[in-house]
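Biologist: I should like a close look at a single part of this protein, namely the open sheet and the pockets. Please describe it in a form that a first-year student can follow.

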Amino acid sequence: MTDPQPDHTRFAVGDMVLLIDRKKRRYLIDLTDGGEFHSHAGVLGHNALIGSPEGMAYRSSRGAEFIAVRPTLTDFVLKMPRGAQVIYPKDLGPMLFMADIHPGMRVLESGIGSGALSMTLLRAGAVVTGYELREDFAQRAKENVVAFLGESTLERYSIEIRNAYDGVDVLDFDRVLLDLPEPWQVISGLGSALRPGGIVVAYTPSITQVVRFREALEAEGYGLIETTEVLNRG
């Protein structure tokens with residue numbers, strides 16, 4: 001009799017795993033041969049998961065039960081190492097749709113932070129050029145991208161340590177996505193960096209930022225300007 005579980009559903013060394021206990025607490029681990037997950041509920045050996053199917057319950061040394069699954073992008077964004085505040089999943093999804101991101105799109109992203117938006121864009125198939133002021137943030141973002149999406153993703157991802165307020169010298173981006181304190185400062189320096197018919201999306205947490213950004217777009221002749229507030233009710 002053949003095993004009904006296909007190989008891709010089984011955990012392997014190097015896989016990222018999300019452990020969820022009975023109180024819905026979540027723990028993100030990377031599987032290593034001989035590794036152990038320690039918590040107040042006891043020890044769970046990594047080898048108990050390696051080669052076993054996802055979605056199953058596993059018990060710690062103290063009898064506590066954990067469900068083991070592969071983390072979603074939402075799980076990773078909320079649990080990943082961060083050097084800066086991230087854009088949360090409730091906003092990442094709408095931004096992806098508002099910018100109409102699809103495979104092959106050339107995207108300029110400024111304000112990289114910990115890489116949450118970068119991962120969202122890259123997973124949708126975009127080619128992303130990032131502008132980031134801080135070297136440590138850029139490095140953290142790359143590490144998070146590799147951890148969740150794999151080393152090969154770096155073929156479509158580059159970060160320049162520079163200030164987008166000083167202008168953009170790459171031509172013909174399809175999209176520009178901004179997570180900056182003063183996104184209006186970027187608009188006047190975009191010039192031909194954004195192709196005709198391209199889309200600009202800015203993440204602006206305060207209404208004063210929204211007003212100034214809209215004024216800058218109108219002054220530069222942008223059309224079809226929209227403002228959207230995203231609410232998430234559990």
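Modeller: Contact here means that heavy atoms lie within 4.5 Å of each other. The model is a predicted one. Helix H4, residues 135–149, lies across strands S8 and S9 and runs at about 170° to S9. These two strands belong to an open sheet of five strands, whose order is S9-S8-S7-S10-S11 and whose pairing is parallel. At the edges stand S9 (157–161) and S11 (194–202), each of which pairs on one side only. On average, neighbouring strands of this sheet are turned by 20° against each other, direction ignored.

Strand S8 covers residues 127–132 and pairs with S9 in the parallel sense over five bridges. One residue to follow here is Glu 132, whose bridge partner in S9 is Ile 161.

Glu 132 also leads to a pocket. The second largest pocket has a volume of about 390 Å³. It is lined by 22 residues, and those closest to its centre are Gly 111, Glu 132, Asp 179, Leu 180 and Pro 181. By class, this lining comprises 13 nonpolar, five polar and four charged residues.

The edge strand S11 leads to another pocket. The largest pocket holds about 1000 Å³ of space. Among its 34 lining residues, the closest to the centre are Met 98, Val 201, Ala 202, Glu 226 and Thr 227. Helix H2 (89–98), S11 and helix H6 (207–219) are the elements that give two or more residues to this lining. S11 supplies the largest share, nine residues. The lining of the largest pocket has 20 nonpolar, eight polar and six charged residues.

Technical notes: Residues numbered from 1 in each chain as written. Predicted model: local features only at pLDDT ≥ 70, side-chain atom pairs only at ≥ 80, totals over all residues. Heavy atoms only, no water. Pairing = 2+ DSSP bridges. Helix = DSSP H or I, 4+ residues; strand = E, 2+ residues; numbered from the N terminus. Axes fitted to C-alpha atoms, helices over the stretch in contact; angles between N-to-C directions. 1 Å grid on protein atoms, 1.4 Å probe; cavity = no way out; pocket = protein on both sides within 12 Å on 5 of 7 lines; lining within 4 Å. Points joined across faces, edges and corners; volume = space filled by probe spheres on them. Nonpolar A, V, L, I, M, F, W, Y, C, P; charged D, E, K, R; others polar.
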